[in-house]
Amino acid sequence: MACRVFLKAEKAAKSVRMPKENYTIMHLDLASLDSVRQFVDNFRRSGRALDVLVANASVSQPTAKEPSFTAEGFELSVGTNHLGHFLLSRLLLGDLKQSDYPSKRLIIVGSITGNMNTLAGNVPPKANLGDLRGMAGGLNGINSSAMIDGGEFDGAKAYKDSKVCNMLTMQEFHHRYHEETGITFASLYPGCVATTGLFRELIPLFRILFPPFQKYITKGYVSETEAGKRLAQVVSDPSLTKSGVYWSWNKDSASFENQLSEEASDAEKARKVWEVSEKLVGLA
């Protein structure tokens, strides 16, 4: 378990009665590229094989008036949700390749909010990466905008943009490496887990009303337990080995291949996001 806060990870493991011998917690702060590199070093020193990698961490600051930044000076949502995961996945790709596990997978958790062909994806502010001018400038809010598209800062949009990057990155991994490695690259939207800490920065009234609204009005609510089961499916189900897929679930909790929006499936934009990201994390 690669986690930023040891105590929370330990409590989570105990809450589901996970035997102590079945997990190891290692420190990883995705808002620091140095931490990502240190984690990779520590993981390799451990001698463990890497069979499946799940990029699951997420930061959202929808009510922020001013941007926050990672250790390297990138806007926090994109820096953590996308660039941290991008570097981690790129550095560990060789370890995944070396595994003799027959169903190697790299899973990146996406979001319906970054998929503009859905009702949720059309709730303003909409995700839009534009021509990546802000990203190319470093997302630092000084020499360039803190936003990927170069626009004015919007915390809710920054999160949605980062999710588009996650889904584009999954497709570019598939395009570049699936045939060569046999690794399954996939993304997913497990449903609206309306009770998690992802919403902690929203006003208390919203946090009270949002779960029942999702349960009884939109019918999109998913419990943390159900969301975990869906993620576990994408990690290990023998029927979900197709690479380059964005998985979703219907009302009967049956998985299906969902359609990505035009921007979230733009092959040329995926290539550009990959190349700019390489420069930002020091891999170019």
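Among contacts in the protein chain between residues at least 6 apart in sequence, what percentage join residues at least 24 apart? The figure is 70%. Keep that in mind as we walk through this predicted model.

## The chain as a whole

The protein chain has 284 residues, and 49% of them are buried. It holds 8 helices and 7 strands. Below we start with the sheet, then turn to the helices, the aromatic rings and one buried serine.

## The sheet

Five of the strands build an open sheet with mixed pairing, and their order is β3-β4-β5-β6-β7. At the edges sit β3 (52–55) and β7 (255–257), each of which pairs on one side only. On average, neighbouring strands in this sheet are turned by 25 degrees against each other, with direction ignored. As a reminder, strands of a sheet pair through backbone hydrogen bonds, either parallel or antiparallel.

Let's go along the sheet from β3. Strands β3 and β4 pair in the parallel sense over 4 bridges, and Val52 has Arg105 in β4 as its bridge partner. Parallel pairing also joins β5 (residues 184–188) to β6 (residues 245–249), here over 3 bridges; Leu188 stands opposite Trp247 in β6. At the other edge, β6 and β7 pair in the antiparallel sense over 3 bridges, with Ser255 in β7 as the bridge partner of Trp249. The hairpin of β6 and β7 has 5 residues between the strands, and Ser253 there takes a positive phi near 60 degrees.

## Two enclosed strands

Why is β4 described as largely enclosed by the rest of the structure? Because 5 of the 5 residues of β4 are buried. Arg105, Ile107 and Val109 point one way from the strand, while Leu106 and Ile108 point the other way, and all are buried. That list includes a charged residue, Arg105, so do look at it in the viewer.

Strand β6 can be read in a similar manner: 5 of its 5 residues are buried, so β6 is largely enclosed by the rest of the structure. Both of its faces are covered, with Val245, Trp247 and Trp249 buried on one side and Tyr246 and Ser248 buried on the other.

## Helices across the sheet

Two helices are worth finding next. Helix α5 (residues 155–181) lies across β4 (105–109), β5 and β6, and runs at about 160 degrees to β5. Helix α7 (residues 224–236) lies across β3, β4, β5, β6 and β7, and runs at about 150 degrees to β4.

Helix α5 also has a helical partner. The axes of α3 (residues 76–98) and α5 come within 8 Å and cross at roughly 15 degrees. An angle under 35 degrees counts as roughly parallel, so α3 is roughly parallel to α5. Their crossing is right-handed. On the α3 side, the residues making the contact include Ser77, His82, Phe86, Arg90 and Lys97; on the α5 side, they include Tyr159, Cys165, Phe173, Tyr177 and Glu180.

## Aromatic rings

The structure holds 6 aromatic pairs. Which kind of pair do Tyr177 and Trp274 make? Their ring centres are 6.2 Å apart and their planes stand at 40 degrees, so the pair is tilted. This pair links distant parts of the chain, as Tyr177 belongs to helix α5 and Trp274 to helix α8, 97 residues apart. Both Tyr177 and Trp274 are buried.

The two residues also belong to a cluster: ring pairs link Phe86, Phe173, Tyr177, Phe185 and Trp274. Three of these names may look familiar, as Phe86 of α3 and Phe173 and Tyr177 of α5 also take part in the contact of the two helices.

## A buried serine in a loop

Finally, consider Ser261, which lies in the loop between β7 and α8 (267–281). Is Ser261 buried or exposed? With a relative accessible area of 4%, Ser261 is buried, because anything under 20% counts as buried. The C-alpha atoms of Ser261 and Val164 are separated by 9.5 Å, although the two residues are 97 apart along the chain.

Definitions and conventions:
Residues numbered from 1 in each chain as written. Predicted model: local features only at pLDDT ≥ 70, side-chain atom pairs only at ≥ 80, totals over all residues. Heavy atoms only, no water. Pairing = 2+ DSSP bridges. Axes fitted to C-alpha atoms, helices over the stretch in contact; angles between N-to-C directions. Contact = heavy atoms within 4.5 Å. Buried < 20%, exposed > 50% of the residue type's maximum accessible area, 1.4 Å probe, protein only. Phe/Tyr/Trp six-rings, centres within 6.5 Å; stacked < 30°, edge-to-face > 60°. Parallel < 35°, antiparallel > 145°, perpendicular 65-115°, else oblique. Left-handed = near helix turned anticlockwise from the far one by under 90°.
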